[in-house]
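Open the model in your viewer and keep the selection tool ready. This tour tells you what to select next and what is there.

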Amino acid sequence: MTSTSFQPDSPSAQRFPVVIVGAGPAGLTIANILRAASVDCLVLELETREFIERRPRAGVIEEWAVRGLRERGLADNLLERAELHTQCEFRVGGRRHRFSYTELTGHHHYVYPQPLLVTDLVRAYADVRGGAVRFGVRDVRLHDLDSDRPAVSYSDPGTGRRELVRCEFVIGCDGARGVTRTALPPHARISRQDYGVGWLALLAETPPSSDCVVFGIHPRGFAGHMPRSAEVTRYYLQCPPGDDPESWSHDRVWAELRERLGTDDRPPLTEGRLIEKRVLDMHNYVVEPMAFGRLFLAGDAAHLTAPIAAKGMNLALHDAFLLGDGLVARLTRGESAGLEGYSAACLDRVWDYQEFSQWLSEVYHGASSGDAYRAGTALARLRRLFSSPAAAASFAEQYLGKSSAS
Ligand code: RFL
């Protein structure tokens, strides 16, 4: 392992059975599962609590994930406030194609903004269950991962001192830019895939312009419309990777959205102030296995899926349920099967969702690739989706996350 031994500034190390690095959906869900079983843990988070409770990101949550949260007492607000989505719409060549996945399957999506879920999870963990968390920590480092007594050190934001925490398990939930992935041993395999496109991710202070998610397939590039709430709508515009968000003025954004999402039989989009504007380079990676000795990775730290099919947070929750339950079994009953099977059980779903994202990416981006062959096959996929009940059923299953065992 690339972890080191370390002497802290403080004379005595803190002790927790589990240290979780990162307070996103994955880390906070695991922390809640542990606390509910009276297993102590410490969550170390780089940002402030206010920041993570406002950070806009995901919105679409799959039914099995909500069920998992509900069974763990973590979905009360979500069930009260989330919207149910039952259909989506493809706009191709100025024509609209409705896709009612609930009609086909009886199942739906929940839409609940990620910052609300994170707020619920922090409250449940820190305020209700009294769990330990340090916000604003700096320079987290992992130590002695190849021993039975690993440790994590960090710089305390208040005192500036380096603190050491001894533990039995280190849980890396620090997302795509975290530090725990840098402690992987050389035999860890990281598979990567780059779509070669960027998405300008936008949040607009405006009500949705349609009652459902809309995918615009256009020769100028993909555009997406994702309702988030009555006041806020997420939009996406395909752009070159690494594009400067500042080159996208308010007028340019709305002109491009109107062009790529326009149809003859719908009123124009309702414009509004853009409250988030950032370019995401569309790429994926998967770390295999997701566990190395006493280090376990979960969520985006272990695997990134570009937000093409809205799968990342769902995968983070799936990992969290399995890892939380596995840690509880090990630490309260001495049963190791859950932890031993953790990586393989997660990776089945991870690869299933990766494959679907790749399929969908070609549908979104083929038409604007400049390659007539790719454009032709992308349109063939869409025609099959709109005309073949078997293709439609298969798409609905994957879109809803029903294809993997839940
Ligand atoms: P997170 O949420 O990134 O949380 C990681 C946490 O770790 C902290 N951290 C550190 N803490 C301590 N020390 C360090 N060195 C640290 N480095 C980082 C960070 O501050 C953060 O608090 O990871 P997690 O928990 O794995 O959750 C993953 C999800 O956040 C992610 O997959 C989704 O947001 C992806 N995603 C979507 N997923 C869905 O399932 N449905 C969607 O509709 C959806 N839409 C989206 C998305 C992601 C997007 N962006 C911004 C990439 C839309 C967008 C625009």
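Start with Pro289, which sits in the loop between strand 18 (273-288) and strand 19 (291-292). Helices (H or I, at least four residues) and strands (E, at least two) are DSSP runs, numbered from the N terminus. Now show the peptide bond from Glu288 to Pro289: this bond is cis, with omega near -10 degrees.

A note on what you are viewing. This is a predicted model, where local features need pLDDT of at least 70, side-chain atom pairs count only at pLDDT 80 or more, and totals for chains, interfaces and linings use all residues. Residues are numbered from 1 along each chain as its sequence is written, and side-chain values use heavy atoms, with hydrogens and water left out.

Next, select Ser38. You will find Ser38 in the loop between helix 1 (25-36) and strand 3 (41-44). Its phi is near 60 degrees, a positive value in a residue other than glycine.

Now select helix 1 and helix 8. Their axes come within 8 Å and cross at roughly 30 degrees. (Axes are lines fitted to C-alpha atoms, for helices over the stretch in contact, and angles run from 0 to 180 degrees between N-to-C directions.) That makes helix 1 roughly parallel to helix 8. Angles under 35 degrees count as roughly parallel, over 145 as roughly antiparallel, 65 to 115 as roughly perpendicular and the rest as oblique. Which residues of helix 1 make the contact? Pick Pro25, Ala26, Thr29, Ile30, Ile33 and Leu34. Contact means heavy atoms within 4.5 Å. On the helix 8 side, the partners include Met313, Ala316 and Leu317. By class, this contact of helix 1 with helix 8 has 13 nonpolar, two polar and one charged residues. (Ala, Val, Leu, Ile, Met, Phe, Trp, Tyr, Cys and Pro count as nonpolar, Asp, Glu, Lys and Arg as charged, and the others, Gly among them, as polar.)

Keep helix 8 and add helix 3 (residues 63-71). The axes of helix 3 and helix 8 come within 10 Å and cross at roughly 40 degrees. Helix 3 and helix 8 are therefore oblique to each other. Show Trp64, Ala65, Gly68 and Leu69 of helix 3 against Asn314, Leu317, His318 and Phe321 of helix 8. The residues of this contact of helix 3 with helix 8 are five nonpolar, three polar and no charged.

Swap helix 3 for helix 9 (residues 337-365). The axes of helix 8 and helix 9 come within 9 Å and cross at roughly 170 degrees. The two helices, 8 and 9, are therefore roughly antiparallel to each other. Among the contact residues are Asn314 and His318 of helix 8, and Gly338 and Tyr342 of helix 9.

Finally, zoom out and colour by domain. Domain 1 is 14-58 + 114-190 + 284-354, and domain 2 is 79-112 + 195-283 + 370-400. These bounds come from an automatic or database domain assignment. Taken over C-alpha atoms, the centres of domain 1 and domain 2 are separated by 31 Å. Select the junction: 15 residues of domain 1 are in contact with 16 residues of domain 2.
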